[in-house]
Structures are given as structure tokens and as C-alpha cells.
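Hi there,

Here is the structure I promised to pass on to you. Have a look at it first, and then read my notes below.

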Amino acid sequence: MDTSYPRDDYPPAPSHKRDLPAGLVLQPPRDHLLWSLFNTVYMNFCCLGVVALAFSIKARDRRVSGDVEAARRLGYRARCYNALATAGSLLLPLLLVALVVTGVLHLSKLAQDSVGFFTYQLSGADEDDK
């Protein structure tokens, strides 16, 4: 049995290209590769940057091979994962800072309210009652 690659008995799969009217010119699909690299290196929240990078590379490969519709779809997914990674990486530290600030403010107010309790001293009148 010959298992060499490629086999001649299976034709290549048809691409999902659409025929466009002659006057309509579309932009090439964006792959968001630089944004994905930035998210992977600097803000890799829950490995979403790596996932976005994988979709960006796939989108660029599809665009180079001529499958514009698949490139557009993969570029959209890369953009979504990049947006999630960026939002998660920016919102979580801001939330943490907000929680720390509110905790410090609460503890300082609690400490000011309890100063009277810890500085209580017996007055001379209290000693005479004994």
C-alpha cells in the first residue's frame, strides 16, 4: 500500500471564495499580527495573546494563499482575542488598585475611630472610687 503524500486520487478541497461584482473593490483582510505579538509578549492574560497570535498567523497564511473569506474570518477572531487580552490585562490591575485603595481608606477610618479606645486612661476620679 502506497501512503506517499500527496495522493492523486483526492482532489484539493475547494476554497470558500465568493465572486464579487467587477466594480466592487474590498480591502485586504487585516490579520492584527503586531497587536497579537504585543499581547503575547507584554500582556499575556490567560494565554489569550498566544491564541490571538495563532489566529493572526493563520489569517496571514490564508491571505497569502488567496482565501480572502477565511482570512477575514480568522482576522476577526484574532481581533476578538486581542481585545479580550487587552481588556483583561488592563482591567484586572485597575480593579486590584481600586480594591487596595478602598481597603486602605477603610482601615485608616477604622484606626481613627478606635484611637479613643486604645488611648483610654484612668482619671484621678476613677482611682478615688476604689
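Let's start with the positive patch: helix H2 (48–65) and helix H3 (68–113) each supply at least two of its residues. Helices here are DSSP runs of H or I with at least four residues, strands are runs of E with at least two, and both are numbered from the N terminus. The patch sits on the surface and is formed by Lys 58, Arg 62, Arg 73 and Arg 77. Lys and Arg count as positive, Asp and Glu as negative, while His and the chain ends are not counted.

A word on the source: this is a predicted model, where local features need pLDDT of at least 70, side-chain atom pairs count only at pLDDT 80 or more, and totals for chains, interfaces and linings use all residues. Residues are numbered from 1 along each chain as its sequence is written, and side-chain values use heavy atoms, leaving out hydrogens and water.

What makes a patch? Its residues have over 30% relative accessible area and no salt bridge, with like charges joined within 9 Å and nonpolar side chains (Val, Leu, Ile, Met, Phe, Trp, Tyr) within 5 Å. A salt bridge is a side-chain nitrogen of Lys or Arg within 4 Å of a carboxyl oxygen of Asp or Glu. The place of a charge is NZ of Lys, CZ of Arg, CG of Asp or CD of Glu.

Arg 73 belongs to helix H3 and is partly exposed, at 45% relative accessible area. Buried means under 20%, exposed over 50%, and partly exposed in between (1.4 Å probe, protein chains only).

The protein has five helices and zero strands.

Best wishes

Terms used:
Areas by Shrake-Rupley, 256 points an atom, 1.4 Å probe, with all protein chains shown as cover.
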